[in-house]
Amino acid sequence: MNDQGKNTENKDCLPDSSNGPLLELANISKAFGGVQALNDITFDVPTGIILGVIGPNGAGKTTLFNVITGAYEADSGNVRFSGKEIRGKKVHKIVTQGIARTFQNVELFESMTVAENVMVGCHVRGRCGFLDAIIKTPRAKREEQWIMKRSSELLNFVGLSSQADQRSGDLPFGWQRLLEIARALASEPSVLLLDEPAAGLNATETRQLGSLIQKIRSNGVTVLLVEHDMSLTMTISDMIIVLDRGSLLAKGTPREIQSNEAVMAAYLGKGK
Amino acid sequence: MCDMLLSRINPIRFAFFFLVIALVGLLVDNAYYQQVLILIGINTLLAVGLNMLMGYAGQISLGHAAFYGIGAYTTAILTAKYQIYPWIALVIAILLAVAIAVVVGLPTLKLSGYYLGMGTLGFGMIFNIIFREWSSLTGGASGFVGIPSLSIGSLSFESGRNYFYLVWFSVWSVFLICSRIINSRAGRALRSIHDSENASMAVGVDTMTLKLQVFVLSAAFSALAGFLYAHYISFISPGSFDFLMSVRMVTMVVIGGMASIWGALLGASLLTLLPEWLHAFSEFEMVVYGLVLMLVMILMPQGLTRGILDIYERSREKYRK
Ligand SMILES: Nc1ncnc2c1ncn2[C@@H]1O[C@H](COP(=O)(O)OP(=O)(O)OP(=O)(O)O)[C@@H](O)[C@H]1O
Ligand SMILES: [Mg+2]
């Protein structure tokens, strides 16, 4: 299904190397009091890949997302998106530029319906304010119709169409995660950050999630995936970075990571 | 989809509301009842404005009586002292309330929870002191007398019936404005702040600007209410715009049910009628509001409207079993 609003050509006609990486982090550090959550992190994310981000609890994965999305400002370093510096920008500005996220502990607008959650997700692609709403300007009507159409497409894409009118807080947990993804896609991001999207899902749901993420990527969205579920991360990621206590421990293809001894020692070994 | 349903139901509701206002205005002849209904209408304006801020955006204000007072005093001073045409005074009163809301809102809305409550409380108190102490302008503690009555051309609003229509069609318009906002892009963004400000920012809502906008909007409605109050009673004093009034406004919103414009109507009615019925408790008004607030929050956190509906649904289910 290609109802993402992103055309697949996007990816094919932009060879990764010619235009430079989509997202570049250079020497990013972030400390909380005495805890060095991120320590001199440098890596690039080429357009159109799925980048797995793994590491033990407290490694700094969520902090990395918070720094990229502007929720926290890094103590030092640069974050460049499409070649432009975004460090220090406000969260909503960064979303507008094309970086969307989901949360490790699902954060839906619980009192609102499933459809409304996605409609709020479309926020940055609209421009009508209070006055347009009050006098019902033609552009407000047009925009409202567009938002409705777009959100029903997205609900269809994640398979939640029949839940559209339910209160989102009443959805089963697995579906809440899907809804959060739909809401994030509604901003038409070019980069999507998923923070442990498989946590709390059963095996079937996790498999479906995997193919959903691949579909999102094939629609031209670059994905950063923080995930503890190794089989999911290893199968769908093109590249993987490993964080350990705030530092970048390793970087490579899933195969390289699996045979990296430092990683095994720091992380995978513990899991087994 | 529910929004399509809403957009179909809404016009019917508003047409019905319009008819009810027209009919009640025709049928009620008794001057006392007219007065009570007018006061309910003015309180409803206050409640529905504050409800946009509290119920929908989730931001508390314990100082909104200040905007009510700014509306009332501005029009009183302009019309009685400077003979300015009242409808122009209305525009100036609202603009002044808006300007003050921007100045006050910018720093205070950065606060959250208790701090926002304390910030707005302080702001309300400062304005009450201004109303009380700037006697040369406001008449001080003894109040401001001689506010002229309203008219448009030859249509005078001196009679109870005409004033009833003026107030209630204002309520009707403000309800329409609010309901349109709530079901729009900006309104959904507003509601999302209430549920999770964090997520709201993460989907790209400029929460600070939006909170400020709705703060300003509710200030404008309060100023409108103040204008209507001043020209109705023709006498105002600082006591009508004090901390107790701010608490009364919050109580109206909470009782009626946050995030419900029709609930604001219920809350305003109850809080206008109760003191009328129970003159005895006027000394303890503050205590009573405190208790009511606590009880509603504990027993029916969604407000009376939702609470009663819930009880009704639960009892129906019991009978079915
Ligand atoms: N807001 C904060 N205030 C203080 N310390 C924080 C904050 N956010 C993160 N930390 C600390 O930074 C470190 C990295 O946390 P982070 O949440 O990024 O880890 P993570 O890799 O996402 O872990 P998990 O797999 O458990 O989600 C931890 O030691 C954490 O306690
Ligand atoms: Mg985390």
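# A walk through a predicted two-chain model

In this predicted model, a convenient place to begin is S237(B), which touches Y73(B), A141(B) and G143(B) when residues up to four places away in sequence are left out of the count. S237(B) sits in the loop of chain B that runs between helix 10 (207-233) and helix 11 (243-256). Is this serine buried or exposed? Its relative accessible area is 17%, and because buried means under 20%, S237(B) counts as buried.

From this one residue we can step back to chain B as a whole, which contains 14 helices and two strands. Of its 321 residues, 50% count as buried. The accessible surface of chain B comes to about 14,500 Å², and 70% of that area belongs to carbon and sulfur atoms. Among the contacts in chain B with a separation of 6 or more, 79% are between residues 24 or more positions apart.

Two patches on the surface deserve a look. F284(B), M286(B), V287(B), L291(B) and M294(B) make a nonpolar surface patch of about 500 Å², and one of these residues, V287(B), has its place in helix 13 (residues 285-299) of chain B. The other patch carries positive charge, and it gathers K84(A), K89(A), K90(A) and K93(A) from chain A together with K110(B) from chain B. Within this group, K93(A) belongs to helix 3 (residues 91-97) of chain A, and with a relative accessible area of 48% it is partly exposed.

Chain A also offers a helix with other surroundings. How many of the eight residues of helix 4 (residues 114-121) of chain A are buried? The count is eight of the eight, so this helix is largely enclosed by the rest of the structure. The buried residues of helix 4 of chain A include V114(A), V118(A) and M119(A), and also E116(A) and N117(A).

The loop that leads from strand 6 (99-101) to helix 4 of chain A holds E110(A), which counts as partly exposed at 43% relative accessibility. Leaving aside residues up to four places away in sequence, E110(A) touches R167(A), S168(A) and G169(A), and it also touches D195(B), a residue of chain B. Although E110(A) and Q176(A) are 66 residues apart in sequence, their C-alpha atoms are 9.7 Å apart in space.

The next topic is charge pairing. Side chains of opposite charge can pair when their charged atoms come close. Over all chains, the count comes to 18 salt bridges. In one of them R217(A) pairs with D238(A), with the closest N and O atoms 2.6 Å apart. This pair links distant parts of the chain, since R217(A) is in helix 8 (residues 203-218) of chain A, while D238(A), 21 residues apart from it, is in the loop between helix 9 (230-236) and strand 9 (239-244) of chain A. R217(A) counts as buried at 15% relative accessibility, whereas D238(A) counts as partly exposed at 31%.

A further salt bridge joins D244(A) and R245(A), whose closest N and O atoms are 3.3 Å apart. Here D244(A) is buried, with a relative accessible area of 12%, but R245(A) is exposed, with a relative accessible area of 66%.

In chain B, the side chains of D29(B) and R161(B) meet in a salt bridge, at 2.7 Å from N to O. D29(B) lies in the loop between helix 1 (2-27) and helix 2 (31-56) of chain B, and R161(B) lies in helix 7 (residues 160-182) of chain B, so the pair ties together parts that are 132 residues apart in sequence. D29(B) is exposed, with a relative accessible area of 58%, and R161(B) counts as partly exposed at 25%. Salt bridges that share partners also join R125(A), K149(A), R150(A), E153(A) and E188(A) into one network.

The last stop concerns the backbone. Most residues other than glycine have a negative phi. Phi of D40(A), which is not a glycine, is nevertheless positive, near 50°. D40(A) has its place in strand 2 (residues 35-45) of chain A and counts as partly exposed at 42% relative accessibility. E196(A), also not a glycine, has a positive phi of about 50°. E196(A) is found in the loop between strand 7 (191-195) and helix 8 of chain A, and at 9% relative accessibility it counts as buried.

Conventions: Residues are numbered from 1 along each chain as its sequence is written. Chains are lettered from A and ligands numbered from 1 in the order in which they are written. This is a predicted model: local features need pLDDT of at least 70, side-chain atom pairs count only at pLDDT 80 or more; totals for chains, interfaces and linings use all residues. Side-chain values use heavy atoms; hydrogens and water are left out. Helices (H or I, at least four residues) and strands (E, at least two) are DSSP runs, numbered from the N terminus. Buried means under 20% relative accessible area, exposed over 50%, partly exposed in between (1.4 Å probe, protein chains only). Contact means heavy atoms within 4.5 Å. Accessible areas come from the Shrake-Rupley method with a 1.4 Å probe; for residues, only the protein chains shown count as cover. Patches are made of residues with over 30% relative accessible area and no salt bridge: like charges are joined within 9 Å, nonpolar side chains (Val, Leu, Ile, Met, Phe, Trp, Tyr) within 5 Å. A salt bridge is a side-chain nitrogen of Lys or Arg within 4 Å of a carboxyl oxygen of Asp or Glu. Lys and Arg count as positive and Asp and Glu as negative; His and the chain ends are not counted. The place of a charge is taken as NZ of Lys, CZ of Arg, CG of Asp or CD of Glu.
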